[in-house]
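Me: I would like to learn how to read the features of a helical model step by step. Could we take one feature at a time, with the general idea ahead of the particular case?

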Amino acid sequence: MESKESIQARLNVLSKALISEENSVQYYEGLLGKTPENTEGDLGTRRMYEDLRDEEKKHVATIRSLIGYWKVQLRQLEGS
């Protein structure tokens, strides 16, 4: 069973994780902006950066969903 304290701890971790994942998305966006499209090698590099960025975006969505879930759990616990 979760307590208010344990849920708040989860939310604190998720908040930090969200920042980290959002930073990763920006990192790959920056690399994409600096990578030319001149050669097949460049195109392969860009595609890999895009794939990695898209994976990080999935992590962001998952973490946001978890934050929403745990906020609801906390509100329910506080209401009881």
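Reply: Let us begin with a single side chain, remembering throughout that the model is predicted. A residue is called exposed when its relative accessible area is over 50%, and glutamate 37, at 52% relative accessibility, therefore counts as exposed.

Me: Which residue does glutamate 37 meet in a salt bridge?

Reply: The partner of glutamate 37 is arginine 46, and the N to O distance between their side chains is 3.6 Å.

Me: Is arginine 46 buried or exposed?

Reply: The cut-off for buried is under 20% relative accessible area, and arginine 46, with 15%, is therefore buried. The pair thus joins a buried arginine 46 to an exposed glutamate 37.

Me: How many salt bridges does a search of the whole structure find?

Reply: The search finds six salt bridges. One of them is formed by arginine 64 and glutamate 22, whose closest N and O atoms are 2.7 Å apart. This pair links distant parts of the chain, since arginine 64 belongs to helix H2 (residues 40-79) and glutamate 22 to helix H1 (residues 4-34), with the two positions 42 residues apart in sequence. Arginine 64, at 48% relative accessibility, counts as partly exposed, and glutamate 22 is likewise partly exposed, with a relative accessible area of 27%.

Me: Which side chain does arginine 53 meet in a salt bridge, and what does the pair tie together?

Reply: Arginine 53 meets glutamate 29, with an N to O distance of 3.2 Å. Because arginine 53 lies in helix H2 and glutamate 29 in helix H1, the pair ties together parts that are 24 residues apart in sequence. Arginine 53 is buried, its relative accessible area being 15%, whereas glutamate 29 counts as partly exposed at 31%. Both residues also belong to a network of salt bridges that links Glu29, Arg53 and Asp54.

Me: How should I read the packing of the two helices themselves?

Reply: Two packed helices are described by the angle between their axes and by the distance between those axes. Here the axes of H1 and H2 come within 8 Å and cross at roughly 160°. An angle over 145 degrees counts as roughly antiparallel, which means that H1 is roughly antiparallel to H2. The crossing of H1 and H2 is left-handed, and their contact, sorted by class, has 18 nonpolar, five polar and 13 charged residues.

Me: How many helices and strands does the protein chain have, and how does the radius of gyration compare with the globule rule?

Reply: The protein chain has two helices and zero strands. Its radius of gyration is 18 Å, well over the 12 Å that the globule rule gives for 80 residues, so the chain is more spread out than a compact globule. Taken along the principal axes, the C-alpha atoms fill a box of roughly 60 × 15 × 15 Å, and buried residues make up 24% of the 80 residues.

Me: As a last exercise, where is glutamine 26 placed, and is it buried or exposed?

Reply: Glutamine 26 has its place in helix H1, and at 54% relative accessibility it counts as exposed. A distance can be added to that description: the C-alpha atoms of glutamine 26 and aspartate 51 are separated by 13 Å, while the two residues are 25 residues apart along the chain.

Key
Residues numbered from 1 in each chain as written. Predicted model: local features only at pLDDT ≥ 70, side-chain atom pairs only at ≥ 80, totals over all residues. Heavy atoms only, no water. Salt bridge = Lys/Arg side-chain N within 4 Å of Asp/Glu carboxyl O. Helix = DSSP H or I, 4+ residues; strand = E, 2+ residues; numbered from the N terminus. Buried < 20%, exposed > 50% of the residue type's maximum accessible area, 1.4 Å probe, protein only. Axes fitted to C-alpha atoms, helices over the stretch in contact; angles between N-to-C directions. Parallel < 35°, antiparallel > 145°, perpendicular 65-115°, else oblique. Left-handed = near helix turned anticlockwise from the far one by under 90°. Nonpolar A, V, L, I, M, F, W, Y, C, P; charged D, E, K, R; others polar. Rg over C-alpha atoms; globule rule 2.2 N^0.38 Å.
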